[in-house]
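Biologist: I am new to this structure and should like to be guided through some of its strands and its surface. May we begin once it is displayed?

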Amino acid sequence: MIMQRKALKQIVGLKPLPEKVLKRIKLMIFADAHHVLGQMAAALTGAHEGKINDVFDNALLRTAHDHRMLHFEMNRLERALEGTEITPILLKGAAYVARDLKAAQGRRVSDIDILVREEELDQVEKLLMQAGWKADQETDNEYDQEYYRQWMHELPPMRHGKRGTIIDVHHLLLPRTARYKIGIDQMIDGARTIEASALKTFCPADVFIHSAIHAFADGAFDNPVRGFIEHYYLFQDLNESDRKDLCVRAEQVGAEKPVGLAVWCVGFLFSDENAQKMAKNMKKPMLFWLLRWALISKAMDGLTSPLAKALLYIRSHYLRMPMRLLVPHLTRKAIQWRPMSRKPVDLPLP
Amino acid sequence: MSTVTRVSDLSRREIRSSLREGSLLLHLGPFAQLISGSSDPLIDFLQDTYRDCQVELFPSDVTDVHLNLRAPNILRKFFRPQVVPDPGFEVPAVPLPIEMAPLAFEMGLNLSVALKCCRFVTIHAGVVADKDGAILMSAESGSGKSTLTAALLERGYRLFSDEFALVGLGDAVLQPYPRPISLKEETIPIVRELAGDEWISPIVKGSPKGDIAYRRARRSDIDQSHKQAKAKLILFPEFEPGMRPYKRRLNTAEAILRLIPASTNFGLLGEQAYLAITRLFDDAVAYELSYGSTEQSLSLIDEALQERDDHAA
């Protein structure tokens, strides 16, 4: 485990890169496979000689594209909602990019996630449809559409007809049936307007809280390395008073456990003393020792990772909904299951 | 210690063990490519078609590309072995019988360059150059681009690439990347005739794209693969048997609009790609060509070059 913690530290620049070339290559393949090569490049660019700069250039050009796309989508979103009182809150990657946080530097972004009040949902959907977004093919069937609307924390994903970009419109941070109940109204009330824009982001403490909720209370932690690095950078972006806020705020909105876990991970994986101190006084989720083992095993993709993945998968469903919903849902999904369709790519082939 | 040598200076055993370790580093043009996955057909292919290329048995630095030629599953490693190119991201590649490893290798490298190497604008095109500058030929598959590229080599041009024009982001200078020229079906005998038998690889028969062979890059192409060139002529060739030879000068705007869809990363690079493509026309002029034979295409190119020179004078 020591060596693997080292990999995370090397990616964010806390430890020097391996001197041995094969190890260095492996590290970069690891970073690429976990979608953090761009973040590694942003942290380390210019610090080394040789080929590595070419590889970093490639990664940075790619993330520059993502960020450009995101800014454009934000502009289209504002335009779609113009003339209304609705001020959506940007979530996750979109928020980090809009606020130019450390967590945004070199980060890959594909979708745009926004949060609006539940009573605004219908109007937002209508306006986005008018602006060219449509129900995404993947979930454009009666069951999925109804399922999302009845139980989920977001509308079924919408894809723009021309640009192909996806927007997820949330009204909660977790499914309606989730075990954690988050004080979403408080978070929305605390959101701050982005200068010269109709869009908002959460206050700094809430940005961290949402990231922790997303990672540890929703889903099976599908992108663990990226998740850990995100928490690390978001934590670095909090100033002294934000960090004090964080503890109080996490308790207020009912997210103390996932936040406690995220802060613990920052402390443990990146040897961050501030995070270590803070994590001591915070509540942790049930079976903390088992959970932290599973998270780290999954991230490191070693021999035990299939077991870790299975545990996290079961946990994600346990957190998401009660049995009386889960069993029919999984049965339905199993019947509906088809092999993942590979996205067609236009390529020049010999 | 790692040293750079030509493939032809290495023993089969050395290549095999390096491919097994996944430590074979192929240097070509601006790219360093780490290759893993040993198989006899691949070693044969490297020893034949890549014989003059520079490689290292142990990499001395990180690489642009890491291409793993692996079995699609454990069964296919042993029973009727198959191979798929794995460039480290998901690609739509079908498993091929192991004898077609050369094809998987070439496809894997093409995918890696097209989708990963965005420090150049990559345009699907054949490129050759002489001391006056480069000729860039952009065309759909089957329009005679490879044959034309191969024919120009016999006219004293050096090979940049049969697959990608690599356009520098700031300066719009073209980078050589002299991989072997891929030949399909009926073009194989034509190029064999042009180049001579010893320059054509053994034929990979019955691939999903029909019979495939490769025209090897010459040692001089490979040794000069660091020497860049500016474009002098940009061509949109179209071959059809029996077609009367015809050429039409394109204005810059039209040529740019035809190059953009031929680029694999224009959308990704955005403005930078647009500026680079525009700058290609600082020195180059563009033509659309149609022709029914290789000789006709060569005389059309001569005419186009002459017109360009007359114009400059």
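Modeller: This is a predicted model. A suitable starting point is Asp130(B), which has Gly133(B) in β9(B) as its bridge partner.

Biologist: How many bridges join β8(B) to strand β9 of chain B?

Modeller: β8(B) covers residues 120–130, and β9 covers residues 133–138 of chain B. The two form a hairpin with two residues between them. They run antiparallel, and the number of bridges joining them is six.

Biologist: Is strand β8 of chain B largely enclosed or not enclosed by the rest of the structure?

Modeller: β8(B) also pairs with β11(B) in the antiparallel sense over five bridges, where Thr122(B) stands opposite Leu166(B). Three further bridges join β8(B) to β10(B), with Val128(B) and Leu159(B) as bridge partners. Buried means under 20% relative accessible area. Because 10 of its 11 residues are buried, β8(B) is largely enclosed.

Biologist: Which strands of chain A stand at the edges of the sheet?

Modeller: In chain A, seven strands form an open sheet of mixed pairing, in the order β3-β4-β5-β2-β1-β7-β6. Two of these strands have a single partner each, so one side of each is left without a neighbour in the sheet. The edge strands are β3 and β6.

Biologist: Is Lys26(A) buried or exposed?

Modeller: Lys26(A) lies in helix α2 of chain A, residues 21–33. On the surface, Lys26(A) gathers with Lys6(A), Lys15(A), Lys20(A) and Lys23(A) in a patch of positive charge. The cut-off for exposed is over 50% relative accessible area. With a value of 62%, Lys26(A) is exposed.

Technical notes: Residues are numbered from 1 along each chain as its sequence is written. Chains are lettered from A and ligands numbered from 1 in the order in which they are written. This is a predicted model: local features need pLDDT of at least 70, side-chain atom pairs count only at pLDDT 80 or more; totals for chains, interfaces and linings use all residues. Side-chain values use heavy atoms; hydrogens and water are left out. Patches are made of residues with over 30% relative accessible area and no salt bridge: like charges are joined within 9 Å, nonpolar side chains (Val, Leu, Ile, Met, Phe, Trp, Tyr) within 5 Å. Accessible areas come from the Shrake-Rupley method with a 1.4 Å probe; for residues, only the protein chains shown count as cover. A salt bridge is a side-chain nitrogen of Lys or Arg within 4 Å of a carboxyl oxygen of Asp or Glu. Lys and Arg count as positive and Asp and Glu as negative; His and the chain ends are not counted. The place of a charge is taken as NZ of Lys, CZ of Arg, CG of Asp or CD of Glu. Helices (H or I, at least four residues) and strands (E, at least two) are DSSP runs, numbered from the N terminus. Buried means under 20% relative accessible area, exposed over 50%, partly exposed in between (1.4 Å probe, protein chains only). Two strands pair if DSSP finds at least two bridges between them.
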